[in-house]
Amino acid sequence: MVSQIIELLKNEIPLEQECVVLAEDTVNGLVLVDIINGFCTVGAGNLAPRESNRQISEMINESARLARLFCEKNLPVMAFLDSHHPNKPEDPYPPHCIAGTDESNLVPALRWLENETNVTLRRKECFDGYIGSTEEDGSNVFVDWVKKNKIRTLLVVGICTDICVLDFVCSTMSAKNRGFLKPLENVVVYSHGCATFDVPLEVARNTKGALAHPQEFLHHMGLYMAKERGAKIANEVSFGAVEKV
């Protein structure tokens, strides 16, 4: 019954996706959002999956594949890692991804990124990686990274589609539209490289403070709202020559 309702809602707000070709003759950047143990590795923390999850596993595999490709091409990669101080809660969620614990580290399939010279790791203590990149002096690590590398197309993957990924995309699109991220032209969200978590209604009703969070529907909605903000949503991503119109 629940799956039927979700499919009905998805049919009412259809999401058109596209095949995106990343031009070889320009600079493309890859952003990985929170692909860390505390959100992805079974049993790793309060917000980690309790059992193996198909959507999360696919997200990790696709993100690792793209990261390898970007590193082989020596293209810029930035990875956001959720890292919280133990005495600073992030409502409405329980303590998670505490700085200095393995929860806040990249999943095993991506730990190799720590040794790559083209990769920038940014620990953040808020949902939004754009805001989380702001330093005390007002400078912004992400903005500087885009400008320094002259990134024209940004490819975004990670977790959670409807929370940290969406928040980052919304801020990035607003900043791009205001001219703060020149020469950035395009933001692409790769659907198979994103995932969110699953909390069925019956579980939420029996868990104090929990909110129902149907995975498939909210993954769909996260992508839909990112597209509403102006991002491209891709179900296939490749490198190649782009035809001039």
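**Exercise 1. The surroundings of Asn 28**

Determine which residues, leaving aside the neighbours within four places in sequence, are in contact with Asn 28, and establish whether Asn 28 is buried or exposed.

*Solution.* Leaving aside the neighbours within four places in sequence, the residues in contact with Asn 28 are Leu 22, Ala 23, Phe 70, Leu 75, Pro 76, Ile 151, Thr 153 and Phe 239. This is a predicted model, and the contacts are read from its atoms. The next step is to place the residue, and Asn 28 belongs to strand E2. The relative accessible area of Asn 28 is 1%, and because buried means under 20%, Asn 28 counts as buried. The last step turns to the polar side chain, where the side chain of Asn 28 reaches the backbone oxygen of Ala 23 at a distance of 3.0 Å.

**Exercise 2. The order and edges of the sheet**

Work out in what order the seven strands of the open sheet stand, and why one side of E1 and of E4 is left without a neighbour in the sheet.

*Solution.* The order of the open sheet is E1-E7-E6-E5-E2-E3-E4, with parallel pairing. Strand E1 (18-23) and E4 stand at the edges and have a single partner strand each, so one side of each is left without a neighbour in the sheet. Neighbouring strands of this sheet are turned against each other by 30 degrees on average, direction ignored.

The individual pairings can then be followed. E1 pairs with E7 in the parallel sense over six bridges, and within E7 the bridge partner of Cys 19 is Glu 236. E6 and E7 run parallel and are joined by three bridges, with Ile 233 in E7 serving as the bridge partner of Val 189. Strand E5 (residues 153-159) pairs with strand E6 (residues 186-195) over six bridges, again in the parallel sense, and Gly 158 stands opposite Cys 194 in E6.

**Exercise 3. Helices against the sheet**

Identify which strands H5 touches as it packs on the sheet, and across which strands helix H8 (residues 215-228) lies.

*Solution.* Beginning with H5, the strands touched are strand E2 (28-33), strand E3 (77-82), E4 and E5, and the direction of H5 makes about 170 degrees with that of E3. Turning to helix H8, this helix lies across E6 and strand E7 (232-240), and it runs at about 175 degrees to E6.

**Exercise 4. The largest nonpolar core**

Find which residues touch the most other members of the largest nonpolar core, and which helix gives the largest share of this core.

*Solution.* The largest nonpolar core has 68 residues, and those touching the most other members are Leu 110, Phe 142, Phe 168 and Val 169. The largest share of this core, amounting to nine residues, is given by helix H6 (residues 161-177). Taking Val 169 as an example and leaving aside its neighbours within four places in sequence, one finds contacts with Val 156, Val 187, Val 189, Ala 226 and Ala 231. As general background, in soluble globular proteins nonpolar side chains tend to be buried together.

**Exercise 5. Salt bridges and their accessibility**

Establish how many salt bridges the structure holds, and which parts of the chain are linked by the pair of Arg 122 and Glu 135.

*Solution.* The structure holds 12 salt bridges. In one of them, the side chains of Arg 122 and Glu 135 meet with an N to O distance of 3.4 Å. This pair links distant parts of the chain, since Arg 122 is in strand E4 (residues 119-124) and Glu 135 in the loop between helix H4 (129-132) and helix H5 (141-149), 13 residues apart. Arg 122 is buried at a relative accessible area of 14%, whereas Glu 135 is partly exposed at 34%.

A second pair is formed by Arg 111 and Asp 102, whose side chains meet in a salt bridge of 3.5 Å, N to O. Here Arg 111 is partly exposed, with a relative accessible area of 32%, and Asp 102 is also partly exposed, at 46%.

In a third pair, Glu 228 forms a salt bridge with Arg 229, and the closest N and O atoms are 3.9 Å apart. Glu 228 is exposed at a relative accessible area of 53%, while Arg 229 is partly exposed at 38%. Finally, Asp 34, Asp 82 and Lys 124 are joined into one network by salt bridges that share partners.

Notes. Residues are numbered from 1 along each chain as its sequence is written. This is a predicted model: local features need pLDDT of at least 70, side-chain atom pairs count only at pLDDT 80 or more; totals for chains, interfaces and linings use all residues. Side-chain values use heavy atoms; hydrogens and water are left out. A salt bridge is a side-chain nitrogen of Lys or Arg within 4 Å of a carboxyl oxygen of Asp or Glu. Buried means under 20% relative accessible area, exposed over 50%, partly exposed in between (1.4 Å probe, protein chains only). Helices (H or I, at least four residues) and strands (E, at least two) are DSSP runs, numbered from the N terminus. A nonpolar core is a set of buried Ala, Val, Leu, Ile, Met, Phe, Trp, Tyr and Cys residues joined through side-chain atoms within 4.5 Å. Contact means heavy atoms within 4.5 Å. Two strands pair if DSSP finds at least two bridges between them. Axes are lines fitted to C-alpha atoms, for helices over the stretch in contact, and angles run from 0 to 180 degrees between N-to-C directions. A polar contact is a pair of N or O atoms within 3.5 Å; within protein, one must be able to donate a hydrogen and the other to accept it, and residues adjacent in sequence count only if both atoms are side-chain atoms.
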